[in-house]
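Biologist: Could you take me through one part of this protein at close range? I have the sequence and the model open on my screen, and I'd like a guided look.

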Amino acid sequence: MRTSVAVALLLVAVAHYAAITVAAGPRVIIVGAGMSGISAGKRLSDAGITDFVILEATDRIGGRIHKTEFAGVNVEMGANWVEGVGGEQTNPLWTMCNSTLGLRTFFSDFVHLARNIYKQDGGLYEEEFVKRRFERADEVERCGGNLSSTLHASGRDDMSVMAMQRLNDHMPCGPATPVDMVIDYYKHDYEFAEPPRVTSLQNTHPLPTFKNFGDQVHFIADQRGYESVVQHIAGQYLNTDKCGAVVDPRLKLNQVVREITYFPSGVMVKTEDKKVYRADYVMVSVSLGVLQTDLVRFRPQLPAWKIVSIYQFDMAVYTKIFLKFPEKFWPEGPGTEFFLYASDRRGYYPVWQQFEKQYPGSNVLLVTVTDDESRRIEQQSDNQTKTEAMEVLRKMFPQKDVPDATDILVPRWWSNRFFKGTFSNWPIGVNRYEYDLLRAPVGRVYFTGEHTSERYNGYVHGAYLAGIDSADILINCAKKMICKYHVQGKYD
């Protein structure tokens, strides 16, 4: 009798322990609370995997989506647009920004750029002349899309955008005149943050974002910030206070991950302040730029195929410089929001934007630089940058009394060890095979981020969708025991 009771109690205890184990599920560490990390966390939570911790190096969530106060308004230091709107498919970011949160957004109209290109030493180019230059560039771009569609799907025949331009006898030695250089910059660098000579044709022409979601782009100018989208997603599965701020103990800020050790049975993560976290799996959502540094060390070292795939992809730099003035001196009205500066130095303070609609009365201009100019500017003082920008503006408007800027904001994404750039760009020489390797897990270490998005790398919606896709890969392994990740052959 006593034996049977003991056995029964043992069976109950075992069943109870099993029930607790099933309820708890696998434990996961998510490294990074940017868009991809937060998106991955929601997907895991929706699948019943709630025993996780999110380790974020900074004091906030959002990553490269970040607002800051400047000239009395909140401006976006990083991502600023919802790109890909108005097509047959609906961009999920547009639904959240427009319908769910009702953020203030403004359609960016570039149609009138031909009338807004300033000569290096002042005055505007003749509109009809610039239109012809744009039309020729558009024609070559269409030819590039047609050529791209004929290339082998593996990417073995891919070429740079510049090579395609040369094949179409479009500036065979590269754009040489200031106006051709700034048009070329606007059409390529302004989108990809790198020049045509390094950008893959096959993976950017046509660009899936615009092909699938539509060719409209909308500027976010809401005082809640673009980051409110990330907070909205986080609030769907993390505990928040009455103001919507995340207070869930599973989100741990100011936790700089320095080492990830992975075993056949689990993972161990160490932070800069000597904390140690253990789990069954880890999801790494740091930027590609961070992966290319030694901020996070893997033990054992990642396999060669993984390291090569990380180093082959490009982390670009896109810098938005804000300038505050005591009064306006630039043109206003319909068709004047964007204007270009045609310098004989390609990429030198080329693309300007005024905020008559977005921030009325702020007297703020935005100028965008990229790539080597971004890196150069990040390493000099803000005063030097302000001096250079003022010289350009006074050249553009020689008949105006251009006052000195009273304030300047220069983001430094490349210099920041937690980001090391702004977004990834698909370079020539990387085909679908290497890209699949970039996304592939290594044992119990999974990877996500906009750089792992199959079609939308470099975009906020790419980061959001990548978080979902990478979480699904982990879920298949953790819950369905489908742990093999298939990578198609290099030339299949």
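Which residues touch the most other members of the largest nonpolar core?

Modeller: Keep in mind as we go that this is a predicted model. The largest nonpolar core has 40 residues, and the ones that touch the most other members are Met35, Ile54, Leu93, Tyr226 and Val229. Quite a few elements feed into this core: the strands β1 (28-31), β2 (52-55), β5 (81-85) and β13 (281-284), along with the helices α2 (35-46), α3 (92-100), α8 (227-234) and α14 (460-480), each supply at least two residues. The top contributor is α14, which puts in 9 residues. As a general backdrop, nonpolar side chains tend to be buried together in soluble globular proteins.

Let's zoom in on tyrosine 226. Skip its neighbours within four places in sequence, and tyrosine 226 is still in contact with Ile65, Glu76, Ala79, Asn80, Trp81, Val82, Leu93, Cys97, Ile220 and Val460. There's also another core, apart from this one, with 38 residues, including Val179, Tyr185, Ala316 and Val351.

Now for the helix that gives the most to the largest core, α14. It has 21 residues and spans 29 Å from first C-alpha to last, close to the 30 Å you'd expect at 1.5 Å a residue. Right after α14 comes methionine 481, with a positive phi near 60 degrees.

How does α14 sit against α3? The two pack at an angle of about 110 degrees, and their axes are 8 Å apart. Angles of 65 to 115 degrees count as roughly perpendicular, so that's the label for α3 and α14. On the α3 side the contact is made by Pro92, Leu93 and Met96; on the α14 side, by Val460, His461, Tyr464 and Leu465. Sort those residues of the α3 and α14 contact by class and you get 6 nonpolar, 1 polar and no charged.

Helix α3 has a second partner to look at, α8. Here the angle is about 95 degrees and the axes lie 10 Å apart, so α3 and α8 are also roughly perpendicular to each other. From α3, the residues involved are Leu93, Met96, Cys97 and Thr100, and they meet Val229, His232 and Ile233 of α8. This contact of α3 with α8 divides into 5 nonpolar, 2 polar and no charged residues. You'll recognise a couple of names: Leu93 and Val229 are both among the core residues that touch the most other members.

While you have the model open, let's visit another helix, α11 (residues 371-378). Of its 8 residues, 6 are buried, so α11 is largely enclosed by the rest of the structure. The buried ones are Asp371, Glu373, Ser374, Arg375, Ile377 and Glu378. They pack against the strands β15 (314-316), β16 (318-324) and β19 (364-370), plus the helix α12.

One residue of α11 deserves a second glance, aspartate 371. Its phi is positive, about 55 degrees, although it isn't a glycine. Its relative accessibility is 14%, and buried means under 20%, so aspartate 371 counts as buried. Alanine 71 also has a positive phi of about 55 degrees without being a glycine. You'll find alanine 71 in the loop between β3 (67-70) and β4 (73-76), and at 27% relative accessibility it counts as partly exposed. For context, most residues other than glycine have a negative phi, and most peptide bonds are trans.

On that last point, have a look at two prolines. Histidine 205 and proline 206 are joined by a cis peptide bond, with omega about -5 degrees, and proline 206 is in the loop between α6 (178-192) and α7 (208-213). Arginine 299 and proline 300 are joined by a cis bond as well, with omega again about -5 degrees. Proline 300 is in the loop between β14 (297-299) and α10 (304-312).

To finish, go to arginine 394 in helix α12 (residues 382-396). With a relative accessible area of 35%, arginine 394 is partly exposed. Leaving out neighbours within four places in sequence, arginine 394 is in contact with Val402, Pro403 and Asp404. Its C-alpha is 39 Å from that of glycine 34, which is 360 residues away along the chain.

Key
Residues are numbered from 1 along each chain as its sequence is written. This is a predicted model: local features need pLDDT of at least 70, side-chain atom pairs count only at pLDDT 80 or more; totals for chains, interfaces and linings use all residues. Side-chain values use heavy atoms; hydrogens and water are left out. A nonpolar core is a set of buried Ala, Val, Leu, Ile, Met, Phe, Trp, Tyr and Cys residues joined through side-chain atoms within 4.5 Å. Buried means under 20% relative accessible area, exposed over 50%, partly exposed in between (1.4 Å probe, protein chains only). Helices (H or I, at least four residues) and strands (E, at least two) are DSSP runs, numbered from the N terminus. Contact means heavy atoms within 4.5 Å. The expected span of a helix is 1.5 Å times one less than its number of residues. Axes are lines fitted to C-alpha atoms, for helices over the stretch in contact, and angles run from 0 to 180 degrees between N-to-C directions. Angles under 35 degrees count as roughly parallel, over 145 as roughly antiparallel, 65 to 115 as roughly perpendicular and the rest as oblique. Ala, Val, Leu, Ile, Met, Phe, Trp, Tyr, Cys and Pro count as nonpolar, Asp, Glu, Lys and Arg as charged, and the others, Gly among them, as polar.
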